[in-house]
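Reader: Please show me the structure and take me through the terms used for it.

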Amino acid sequence: MNRLNPLVIIVAFLLPLNGCGMVVLTAVDTVRGEQSDLLIVETVQDLQSYHAIVLEPVTSAVGEQLDPTLLAYLNSKIHDELVHSGIKLSDEGQLHLSGLVLHVENGIRKKQLVVQMKLQVTKTGQSLGVANITGQSSGLRGLKSSAGGIAKEISELLKTHQYPVET
């Protein structure tokens, strides 16, 4: 009667470890931060001669898979990241930047957003490049982290192709 059930002992031993494991995973995920990948679909031209961008809000091609509040958050993150990076935004810029969400994955272990960004000459509509950007995070972080990765990748894409930044 005084014997403890071996299953109770095992559970009692593993419960504290479960919490520690979550702390370790959360710490690793926090250190990794926002992640993104870039795939150039159409070669991005040299952007050095353009000095202001008209930023169109990113829209969605995935319907109800994408929560409207997340889409608003994504647009806000992109705007804030570009401004923070010294990229001039204007209603009358020579360069037109628009985006379309192509894919959303909101699984338990994997969160992912894929956005296609198009760069065009504002007056003529001539294409200056197209890139697919994938923002991703683990299951411990939400899709908002994926949105942050996309915003940073857009800023880096512009800088890499010589878009002039204000200092």
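Author: Accessible areas come from the Shrake-Rupley method with a 1.4 Å probe, and for residues only the protein chains shown count as cover. By that method the protein has an accessible surface of about 10100 Å², 57% of which belongs to carbon and sulfur atoms. This is a predicted model: local features need pLDDT of at least 70, side-chain atom pairs count only at pLDDT 80 or more, and totals for chains, interfaces and linings use all residues. Residues are numbered from 1 along each chain as its sequence is written, and side-chain values use heavy atoms, with hydrogens and water left out.

Reader: What makes residues 20–32 a stretch of low pLDDT?

Author: pLDDT is the predictor's confidence in each residue, from 0 to 100. Over residues 20–32 it stays under 50. The protein averages 84, and 77% of the residues score at least 70. Where pLDDT is low, the predicted coordinates should not be read in detail.

Reader: Which elements have the lowest and the highest mean pLDDT?

Author: Helices (H or I, at least four residues) and strands (E, at least two) are DSSP runs, numbered from the N terminus. Among the elements, helix H1 (residues 6–32) has the lowest mean, 47, and strand E3 (residues 59–60) the highest, 98. There are three helices and six strands, in the order α-β-β-β-α-β-β-β-α from the N terminus on.

Reader: How do you know that the span of H2 agrees with what is expected?

Author: The expected span of a helix is 1.5 Å times one less than its number of residues. For the 17 residues of H2 this gives 24 Å, and the end C-alpha atoms are 24 Å apart, so the two agree. H3, with 18 residues, reaches 26 Å from its first C-alpha to its last, close to the 26 Å expected.

Reader: Why is H3 called mostly covered?

Author: Buried means under 20% relative accessible area, exposed over 50%, and partly exposed in between (1.4 Å probe, protein chains only). In H3, 13 of the 18 residues are buried. For the protein, buried residues make up 38% of the 167 residues.

Reader: Why is Gly 125 called partly exposed?

Author: Gly 125, in the loop between E5 and E6, has a relative accessible area of 35%, and is therefore partly exposed.

Reader: How do you know that the buried residues of H2 are on the same side?

Author: They are Leu 70, Leu 71, Leu 74, Asn 75, Ile 78, Glu 81 and Leu 82. They cover an arc of only 140° around the axis, so they lie on the same side of H2. The arc is that of the directions from the helix axis to the C-beta atoms. On the other side of H2, Pro 68, Thr 69 and His 84 are exposed.

Reader: What do the buried residues of H2 pack against?

Author: They pack against strand E2 (53–55), E3, E4, E5 and H3. Contact means heavy atoms within 4.5 Å.

Reader: What makes a set of residues a nonpolar core?

Author: Its members are buried Ala, Val, Leu, Ile, Met, Phe, Trp, Tyr and Cys residues joined through side-chain atoms within 4.5 Å. The largest such core has 33 residues, and Leu 47, Leu 74, Val 101, Leu 113, Ile 154 and Leu 158 touch the most other members. H3 gives the most to this core, with seven residues. Leaving aside neighbours within four places in sequence, Leu 113 has contacts that include Leu 66, Val 101, Ile 133 and Ile 150.
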